[in-house]
Amino acid sequence: MQKLLLSVDRVSTWIGKAFAWLILVLTVQISWEVFSRYVLNRPSAWAFDLMIMMYGTAFMMAGAYTLAKNGHVRGDVLYGFFPPRLQATLDLILYILFFLPGVVALIWAGYTFAEEAWAINERSNITANGPPLSPFKTVIPIAGAFLLMQGFVEIIRCIVCIRDGAWPSREEDVEEVDVEKLKEMVHVTDEPSVSAPANGHTNNRETK
């Protein structure tokens, strides 16, 4: 079971990291648009639409990745003090009452939007001659499907935690800098490496 959970985590992680490259593409695109607009005096009419689509795609496709890393925002004021079984019980209730209906509705609505966009060849009306919206709207049900898949994994984790009294392990990933972990990695301790004699002098070699 644990191997299956981690396998889904890896899929969500790979997708999130792959689409994270859109941030780099978005940065280059914005930089070029600024240069083109203010230096060459040749702005692109579709640039603003493309910025929104790329950012929206990166945001939506990162949902499953963030859930796999337990990175979504939650109210930890009291939750962090609860024992694992109570945490898992609360999470399970919230997943069933809110997460599953919400994500299923997202997939259904996103599929409808995408189907209509492809049928009428819908284009953005924010700017003149805007880019087609059908590829962007297709991302909505796809992102929802990956999020739903990861949600089922989290529900299983809740059930396992309720049964065993401890949360199943997750794959390690990039984290914020932790000073104590950094010290362990480089084998640094707070204790002095050389003990100084009482008289304050240090002998570097044995005196015969």
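Here are a few points to help you find your way around this predicted model.

1. A good place to start is the pairing of two helices. Helix α2 spans residues 47–61 and helix α6 spans residues 134–164; their axes come within 9 Å and cross at roughly 10°. Angles under 35 degrees count as roughly parallel, so α2 is roughly parallel to α6.

2. Next, look at who makes that contact. From α2 come Ile 52, Met 53, Gly 56, Thr 57, Met 60 and Met 61. Facing them from α6 are Phe 136, Val 139, Ile 140, Ile 142, Ala 143 and Phe 146. Sorted by class, the contact of α2 with α6 holds 10 nonpolar and two polar residues, with no charged ones.

3. Helix α6 also turns up in the largest nonpolar core, to which α5 (84–120) and α6 each give at least two residues. This core has 12 residues, among them Leu 67, Leu 92, Phe 99, Val 103, Leu 148 and Cys 161. The largest share, six residues, is supplied by α5.

4. Tyr 95 is one of the residues of that core. Setting aside neighbours within four places in sequence, Tyr 95 is in contact with Leu 67, Leu 100, Pro 101, Glu 154, Ile 155 and Cys 158.

5. Finally, have a look at Arg 157, which sits in helix α6. Is Arg 157 buried or exposed? Its relative accessibility is 0%, so Arg 157 counts as buried. Not counting residues up to four places away in sequence, Arg 157 touches Leu 5, Leu 6, Asp 9, Gln 150, Trp 167, Pro 168, Ser 169 and Arg 170.

Definitions and conventions
Residues are numbered from 1 along each chain as its sequence is written. This is a predicted model: local features need pLDDT of at least 70, side-chain atom pairs count only at pLDDT 80 or more; totals for chains, interfaces and linings use all residues. Side-chain values use heavy atoms; hydrogens and water are left out. Axes are lines fitted to C-alpha atoms, for helices over the stretch in contact, and angles run from 0 to 180 degrees between N-to-C directions. Helices (H or I, at least four residues) and strands (E, at least two) are DSSP runs, numbered from the N terminus. Angles under 35 degrees count as roughly parallel, over 145 as roughly antiparallel, 65 to 115 as roughly perpendicular and the rest as oblique. Contact means heavy atoms within 4.5 Å. Ala, Val, Leu, Ile, Met, Phe, Trp, Tyr, Cys and Pro count as nonpolar, Asp, Glu, Lys and Arg as charged, and the others, Gly among them, as polar. A nonpolar core is a set of buried Ala, Val, Leu, Ile, Met, Phe, Trp, Tyr and Cys residues joined through side-chain atoms within 4.5 Å. Buried means under 20% relative accessible area, exposed over 50%, partly exposed in between (1.4 Å probe, protein chains only).
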